[in-house]
Amino acid sequence: MFQGEPLIIGKYYFDPIHQDSICITSLKFYVTLKDKHEERYEDKVKLMEYDEENRHLTYHQNLTDVPSERELLIGIDSTLNTCGALSGDLDPSVGMYWTWNTGYINVKIEGRSKNCSALKHEFQFHLGGYSGKYKGIRQVNLELHDFVKCKMAIELGDFFAATDLRQKPQVMSPSDEGNRLATLFANTFHLIR
Amino acid sequence: MNVRMVFISMVSACLLGFAYPKQRPEIPEYFPEPKHSSEQYSDMQIELGRMLFYDPILSRDSTLSCSSCHSSYNAFAHTDHSLSHGIEDRIGTRNAPPLFNLEWQEKLMWDGAANHPEVQPVAPISNALEMDENLEHVVLKLSRQDIYKNMFASAFGSEEVTGQRVLKAIAAFQLSLRSFGSKYDLVKSGEAIFTAQENSGYSVFLKHCNTCHREPLFSTFEFANNGLPVDADLKDAGRMRITLEKSDSLLFKIPSLRNLKYTAPYMHDGRFRKMSEVLDHYKSGIVKSVTLAKELESGITLSDVERTDLMAFLSTLNDSSFVFNPAFQFPKTHFVNP
């Protein structure tokens with residue numbers, strides 16, 4: 001969503017905070033719903049790709065009967081980042097892997113805006129990192145206790161309200177700004193009652 | 001050089017029961033435990049990795065293979081080239097490092113950018129100054145070739161070509177590159193003895209070099225600043241580029257001293273063509289900085305005799321049995337020019 005409206009790839013939305021017009025051209029991210037104690041969970045990781053054919057992304061998972069032990073994660077942790085080449089959605093050939101520095105790109109948000117200071121007014125946020133102070137994985141802080149089946153929405157308006165595309169329109173590596181945007185993105189998730 | 005290859009089916013060899021020679025000699029008792037063991041990979045996975053390593057299909061225009069910059073005859077380094085080559089005669093920013101004993105290296109590449117051998121090939125395949133290709137397209141190209149479908153089936157149990165399998169196979173081959181057949185190794189196993197001069201050189205080595213270039217691998221494979229002046233054109237910050245930590249400024253992987261005969265030029269940017277230049281640097285060329293290795297704060301000054309003896313010892317680390325091992329060379333039984 002963008003400020004309550006359904007997100008349509010390529011459509012411009014007005015950002016009143018920065019007086020900007022923003023369109024999203026690509027939105028991809030890794031999501032995992034797992035039990036907290038699981039260390040190796042590559043079979044539960046799913047790459048979500050939002051586009052015109054996939055405006056309602058679905059994710060199924062079999063978990064324990066102890067809801068308080070569940071966690072919803074955005075991104076890939078250090079264990080899966082350091083265990084070699086993985087398969088499926090985590091195959092490095094799917095385009096969510098940094099080439100100059102080992103590691104998964106947890107989240108890709110790309111698009112254009114009127115105010116964007118980058119070449120062709122195109123912004124690119126590739127968020128990741130798994131070690132040291134630049135760990136890009138985030139837990140979504142929602143009450144997951146009572147759902148067997150639930151709906152969530154991502155409000156990208158919140159993300160861009162706190163992101164000035166004139167100042168920092170590109171993040172392509174683990175960094176302080178990447179950390180901030182990773183937290184910001186995780187906070188855009190809302191439960192729909 | 002635009003090489004177009006036609007593959008001879010290896011599957012027929014498999015069907016005839018041809019057994020590929022074991023490519024992994026036993027690890028000597030005096031070696032430490034590997035960080036990434038090659039034992040987890042099958043001989044067929046190694047053989048597939050060897051084919052991929054020598055196949056220019058990995059590059060965007062199919063002109064450049066891994067072996068273009070990692071020649072078996074140079075202990076998988078690139079002699080006479082200070083910086084790596086790329087497609088369309090592009091020049092990279094680092095000296096192609098030799099490839100051997102990778103099982104003992106936790107992080108790979110000069111700056112440790114690759115945290116695992118299975119994901120290391122992504123970097124040169126994707127680098128615009130090297131192969132300028134992407135893994136997804138490599139998978140597509142390989143999927144169209146019957147020989148590779150058969151090879152993947154033999155190596156992984158099904159014909160499916162995936163990024164993971166490509167990377168695992170290349171890693172399997174690279175990890176199989178074990179080098180411990182030098183005179184030093186014969187001495188360690190009681191099959192040879194050093195000459196008096198080599199023994200003296202060994203003492204010089206233990207006194208001045210062994211902290212960073214620790215035997216028997218002749219490197220700790222840690223990262224260090226050895227006081228090289230920063231190249232004004234390359235402006236290479238080394239490991240700091242990866243970690244963004246100032247304490248990693250100008251730190252590069254400590255290379256092994258094995259096979260120096262084959263791996264010139266030396267250093268991350270190939271600035272030294274001879275070992276005498278390297279020793280001159282440690283004697284009088286060190287640039288002091290905050291991150292300089294503490295072992296080098298006073299430099300390393302050797303007498304002429306010590307220097308000669310050290311070179312004699314270092315020559316015992318050359319492993320011709322590795323460099324000329326046919327199991328590691330171009331797989332000509334699988335490739336033939338039309």
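**Exercise 1. State how far apart the C-alpha centres of domain 1 and domain 2 of chain B lie, and describe the contact between these domains.**

Step 1. The C-alpha centres of domain 1 of chain B and domain 2 of chain B are 27 Å apart. This is a predicted model, in which local features need pLDDT of at least 70 and side-chain atom pairs count only at pLDDT 80 or more, while totals for chains, interfaces and linings use all residues. Residues are numbered from 1 along each chain as its sequence is written, and chains are lettered from A and ligands numbered from 1 in the order in which they are written.

Step 2. Domain 1 covers 6–179 and domain 2 covers 183–320 of chain B; the bounds come from an automatic or database domain assignment.

Step 3. In domain 1 of chain B, 25 residues are in contact with 29 residues of domain 2 of chain B. Two residues are in contact if their C-beta atoms, placed from the backbone, lie within 7 Å.

Step 4. The side of domain 1 of chain B that touches domain 2 of chain B has 12 nonpolar, 10 polar and three charged residues. Here Ala, Val, Leu, Ile, Met, Phe, Trp, Tyr, Cys and Pro count as nonpolar, Asp, Glu, Lys and Arg as charged, and the others, Gly among them, as polar.

**Exercise 2. Describe the side of chain B that touches chain A.**

Step 1. Chain B brings 20 residues into contact with 16 residues of chain A.

Step 2. At least two residues of this side come from each of helix 3 (122–126), helix 4 (135–143), helix 6 (163–175) and helix 9 (240–243) of chain B. Helices (H or I, at least four residues) and strands (E, at least two) are DSSP runs, numbered from the N terminus.

Step 3. Helix 6 of chain B gives the largest share, four residues.

Step 4. By class, this side of chain B holds nine nonpolar, eight polar and three charged residues.

**Exercise 3. Find how helix 2 of chain B packs against helix 6 of chain B.**

Step 1. The axes of helix 2 (residues 43–54) and helix 6 of chain B come within 7 Å and cross at roughly 95 degrees. Axes are lines fitted to C-alpha atoms, for helices over the stretch in contact, and angles run from 0 to 180 degrees between N-to-C directions.

Step 2. Helix 2 of chain B is therefore roughly perpendicular to helix 6 of chain B. Angles under 35 degrees count as roughly parallel, over 145 as roughly antiparallel, 65 to 115 as roughly perpendicular and the rest as oblique.

Step 3. Residues making the contact include B:Ile46 and B:Phe53 of helix 2 of chain B and B:Val166 and B:Phe173 of helix 6 of chain B. The contact residues divide into 10 nonpolar, two polar and two charged.

**Exercise 4. Decide whether B:Ser62 and B:Asp80 are buried, partly exposed or exposed.**

Step 1. B:Ser62 is in the loop between helix 2 and helix 3 of chain B, and B:Asp80 is also in the loop between helix 2 and helix 3 of chain B.

Step 2. A residue is buried if 20 or more other C-beta atoms, placed from the backbone, lie within 10 Å of its own, exposed if 12 or fewer, and partly exposed in between.

Step 3. B:Ser62 has 18 other C-beta atoms within 10 Å, so B:Ser62 is partly exposed. B:Asp80 has 9 C-beta neighbours inside 10 Å and therefore counts as exposed.

Step 4. Phi is positive in both non-glycine residues: near 55 degrees for B:Ser62 and about 70 degrees for B:Asp80.
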